[in-house]
Amino acid sequence: MRHLYTFALIEAVARAGSMRKAAEDMNITASALNRRIRGFEEEFGAPLFERIPNGVRLNPAGELLMHYFRATRSELKRVQGQVSDLSGERRGHVAIACSQAMLPYFLPEQIARYRADHPGVTFTVNVRDRARAEVELARFQSDIALVVEPIYLVEFEVLSCVPQPVMAILPADHPLAGKEELRLRDCLNHPHIAPEASYGVRHLLDFAARKVGRRLDPVVETESFELIRHYVQHEKVIGFQVPIGLRSPADGSLVFRAISERDMPPASLILGHMRGRTLPVAAARFALQLTAALEARSGVA
């Protein structure tokens with residue numbers, strides 16, 4: 001326990017890439033920070049950082065130490081959660097890495113529902129693309145991830161996987177809005193707005209377009225799904241999203257149509273955590289709630 005603050009200082013330096021900046025972030029003088037880390041390195045028996053032109057970065061020994069620290073901190077959180085449960089306090093913290101599609105409706109509803117029963121539990125919600133979400137799990141920066149089309153899945157323990165058809169978002173008066181079956185080629189023949197390449201929906205769209213000898217050529221490319229939903233109301237373009245992030249406006253100004261599965265399969269919405277990790281109590285219980293909610297949405301028995 002006595003080294004936890006020192007570990008936090010080392011992590012701050014690794015994150016900032018600079019002793020001076022890390023000292024500012026941690027509200028400590030640069031000389032005191034430097035002394036603390038050098039003292040730890042002497043006790044540890046190896047240096048932790050290497051100097052680079054613009055500052056410092058962890059060397060291999062430092063990377064190993066940081067992995068140990070993050071695993072230890074995670075295990076400590078789990079034990080603290082168990083102790084709180086024993087005392088009836090039901091406290092804890094849950095860190096989530098998620099796709100943007102979870103933000104408008106699904107996660108707010110689920111977090112509020114959980115906190116209604118466990119008001120002592122707090123949450124951090126980090127919006128991450130599918131690659132960054134998996135990195136955060138491996139670094140113990142997030143407890144669970146809820147993402148569309150994760151990339152690697154090597155260190156990913158899947159708790160739930162539900163299909164999400166890719167939907168076209170259309171102004172109600174768009175020429176394609178009344179079609180019973182919407183083909184991808186029809187969408188690509190009209191101006192469209194699309195997520196940038198790091199997002200799962202864009203990955204599926206690009207792959208499907210290549211199969212039919214086409215490519216996406218968006219008039220607007222963005223990291224913001226919120227921009228996509230709103231922009232289609234200003235110009236007669238087509239947007240793309242998965243249904244968990246959509247809700248029909250009361251005024252009927254937008255319609256959502258699934259792109260035919262003959263052109264592209266549904267996306268996979270996957271909930272999971274780092275393989276082999278025992279989650280803290282609050283995170284484990286919230287993950288169970290999310291699993292049940294996702295399976296209810298998809299009709300899984």
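How many of the protein's residues count as buried? Of the 301 residues, 47% do, where buried means under 20% relative accessible area, exposed means over 50%, and partly exposed is in between (1.4 Å probe, protein chains only). Here are my notes on the rest.

1. **What you are looking at.** This is a predicted model, in which local features need pLDDT of at least 70, side-chain atom pairs count only at pLDDT 80 or more, and totals for chains, interfaces and linings use all residues. Residues are numbered from 1 along each chain as its sequence is written, and side-chain values use heavy atoms, with hydrogens and water left out.

2. **The overall picture.** You'll find 10 helices and 12 strands; helices (H or I, at least four residues) and strands (E, at least two) are DSSP runs, numbered from the N terminus. The C-alpha trace spans about 70 × 50 × 35 Å along its principal axes. About 15,100 Å² of the protein is exposed, and carbon and sulfur atoms supply 51% of that; these areas come from the Shrake-Rupley method with a 1.4 Å probe, and for residues only the protein chains shown count as cover. Take the contacts (heavy atoms within 4.5 Å) with a separation of 6 or more: 75% of them are between residues 24 or more positions apart.

3. **Helix H1.** Try a quick check on this one, residues 4-16: at 1.5 Å a residue, its 13 residues should span 18 Å, and the end C-alpha atoms are indeed 18 Å apart. The expected span is 1.5 Å times one less than the number of residues. The buried residues of H1 are Thr-6, Phe-7, Leu-9, Ile-10, Glu-11, Ala-12 and Val-13. Right after the helix comes Gly-17, with a positive phi near 75°.

4. **Ser-18, between two helices.** This residue sits in the loop between H1 and helix H2 (19-25). Ser-18 is buried, at 17% relative accessible area. Its side chain reaches the backbone nitrogen of Arg-20 at 3.3 Å. Leaving aside neighbours within four places in sequence, Ser-18 is in contact with Val-13 and Val-56.

5. **A salt bridge inside H2.** The structure holds 15 salt bridges, each a side-chain nitrogen of Lys or Arg within 4 Å of a carboxyl oxygen of Asp or Glu. One joins Arg-20 and Glu-24, at 2.9 Å from N to O. Both lie in helix H2, 4 residues apart, which is about one turn of the helix. An α-helix has 3.6 residues a turn, so residues three or four places apart point the same way. Arg-20 and Glu-24 are both exposed.

6. **Salt bridges across the sequence.** Arg-275 pairs with Glu-157, the closest N and O atoms being 3.2 Å apart. Arg-275 is in the loop between strand E12 (267-274) and helix H10 (281-298), while Glu-157 is in strand E6 (residues 156-164), so the pair ties together parts 118 residues apart in sequence. Arg-275 is partly exposed at 40%, and Glu-157 is partly exposed at 29%. Then there's Lys-236 with Asp-173, at 3.5 Å between the closest N and O atoms. That pair links distant parts of the chain, 63 residues apart. Look, too, for the network of salt bridges that links Arg-128, Arg-132 and Glu-136.

7. **Phe-49 and its company.** Phe-49 is found in strand E1 (residues 49-52) and is buried, with a relative accessible area of 13%. Which residues does Phe-49 contact, apart from its neighbours within four places in sequence? Among them are Ile-10, Val-13, Ala-14, Met-19 and Val-56. By contrast, Pro-175 is 60 Å from Phe-49, C-alpha to C-alpha.

8. **Two residues with a positive phi.** Most residues other than glycine have a negative phi. Asn-27 has a positive one of about 60°, and lies in the loop between H2 and helix H3 (30-44). Phe-140 also has a positive phi, near 60°, and its place is the loop between helix H6 (130-138) and strand E5 (144-148). Buried or exposed? Asn-27 counts as exposed at 75% relative accessibility, whereas Phe-140 is buried at 13%.

Notes:
A polar contact is a pair of N or O atoms within 3.5 Å; within protein, one must be able to donate a hydrogen and the other to accept it, and residues adjacent in sequence count only if both atoms are side-chain atoms.
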